[in-house]
Amino acid sequence: MPAAPTIRVQAEDFDQQEEINALTAGKCDIGAVVSFTGLCRDEAGTLAALELEHYPGMAEAQMRRIADEACERWPLDGVTVVHRFGKIAPGDNIVLVVTASRHRQAAFDSAAFLMDFMKSKAPFWKREIRKDGSEGAWVDARDTDHDALERWQ
Amino acid sequence: MVKLVYFAWIRERIGKSEEEIELPDDVETIADLIGHLRTRGEEYALALQVPEVVHVAINQEHRQHSDPVSGAREIALFPPMTGG
């Protein structure tokens, strides 16, 4: 029986290693842990921060639905999903997915599945805050993010 | 009465984050609701001018535009999500 997924939506930062330790503490039957950390990226050097808006209540509920589906599709021994909101500076953490299983393929595949669905189905929206103080644009959804869901049909 | 909540640029264009409205009897589906809201003023028409990009959740669960609005306590309208 897998542990219930750990789902958190928070303004504060997270520590990837602490989250992995919490998932595996006291267990000897886990053979694989995969973690993915999404960072705030600034390719042009013009970004002061991203402002992440979310739908309180639904964000957590939707993350839980996605995690529950991952647990149905793969034999997982643990899942942790953490997503931040508020102002996040370039280089800082935005999202964390950790999956644990007996074997690596389930851990790899479920982590990719979780991230694909987090990007397109979890109610978060990113807006740019520019270094020059000008009002930045809302980040556009990418077709490739939507297309990524199709491989899980 | 049903509570409507708006997010991201849909919230900005409408100019408010939430409101309570009475749904007319002829609003049966989400598509009907979007059509009705577009008649409420220029800001709504601007926010909802491309219905295909408007995502809708009823009682905090994703729904399709063809789904009914009956039983809704809270209906959220928002643009494509960009989390992760």
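Which side chain meets that of Glu19(A) in a salt bridge? The view of helix H1 of chain A below gives the partner. This is a predicted model, in which local features need pLDDT of at least 70 and side-chain atom pairs count only at pLDDT 80 or more, while totals for chains, interfaces and linings use all residues; side-chain values use heavy atoms, without hydrogens and water. Residues are numbered from 1 along each chain as its sequence is written, and chains are lettered from A and ligands numbered from 1 in the order in which they are written.

**View 1. A salt bridge joins helix H1 and strand E1 of chain A.** The side chain of Glu19(A) meets that of Arg8(A), at 2.7 Å from N to O. Glu19(A) lies in H1 and Arg8(A) in E1, so the pair ties together parts that are 11 residues apart in sequence. A salt bridge is a side-chain nitrogen of Lys or Arg within 4 Å of a carboxyl oxygen of Asp or Glu. Over all chains, the whole structure holds 14 salt bridges.

**View 2. An open sheet of chain A has the strand order E1-E4-E6-E2.** The sheet has 4 strands and mixed pairing; strands pair if DSSP finds at least two bridges between them. Helices (H or I, at least four residues) and strands (E, at least two) are DSSP runs numbered from the N terminus. E1 (6-10) and E2 (32-39) of chain A are the edge strands, each pairing on one side only. Neighbouring strands are turned by 5° against each other on average, direction ignored. E2(A) and E6(A) (residues 93-101) run antiparallel and are joined by 8 bridges. Within this pair, Phe36(A) has Val97(A) of E6(A) as its bridge partner.

**View 3. Helices H1 and H2 of chain A pack on this sheet.** H1 (residues 16-24) lies across E1, E2, E4 (76-84) and E6 of chain A, at about 25° to E6(A). H2 (residues 58-73) touches E1 and E4 of chain A, and its direction makes about 155° with that of E1(A). Contact means heavy atoms within 4.5 Å. Axes are lines fitted to C-alpha atoms, for helices over the stretch in contact, and angles run from 0 to 180 degrees between N-to-C directions.

**View 4. A second group of 4 strands in chain A forms an open antiparallel sheet, E5-E3-E7-E8.** Its edge strands are E5 (86-88) and E8 (135-138) of chain A. The twist averages 30° from one strand to the next. E3(A) and E7(A) pair in the antiparallel sense over 7 bridges. Glu53(A) stands opposite Trp125(A) in E7(A).

**View 5. Chain A and chain B bury about 1,800 Å² between them.** Buried area is the accessible area (1.4 Å probe) that two parts lose on being put together, summed over both. Carbon and sulfur atoms carry 56% of the area. Tyr55(A), Trp125(A) and Trp138(A) supply 34% of what chain A buries against chain B, more than any other three residues. The contact takes 26 residues from chain A and 19 residues from chain B.

**View 6. Arg11(B) forms a salt bridge with Glu53(A) across the interface.** The closest N and O atoms are 2.5 Å apart. The interface of chain A and chain B has 2 salt bridges. H3(A) gives the most to the side of chain A that touches chain B, with 5 residues.
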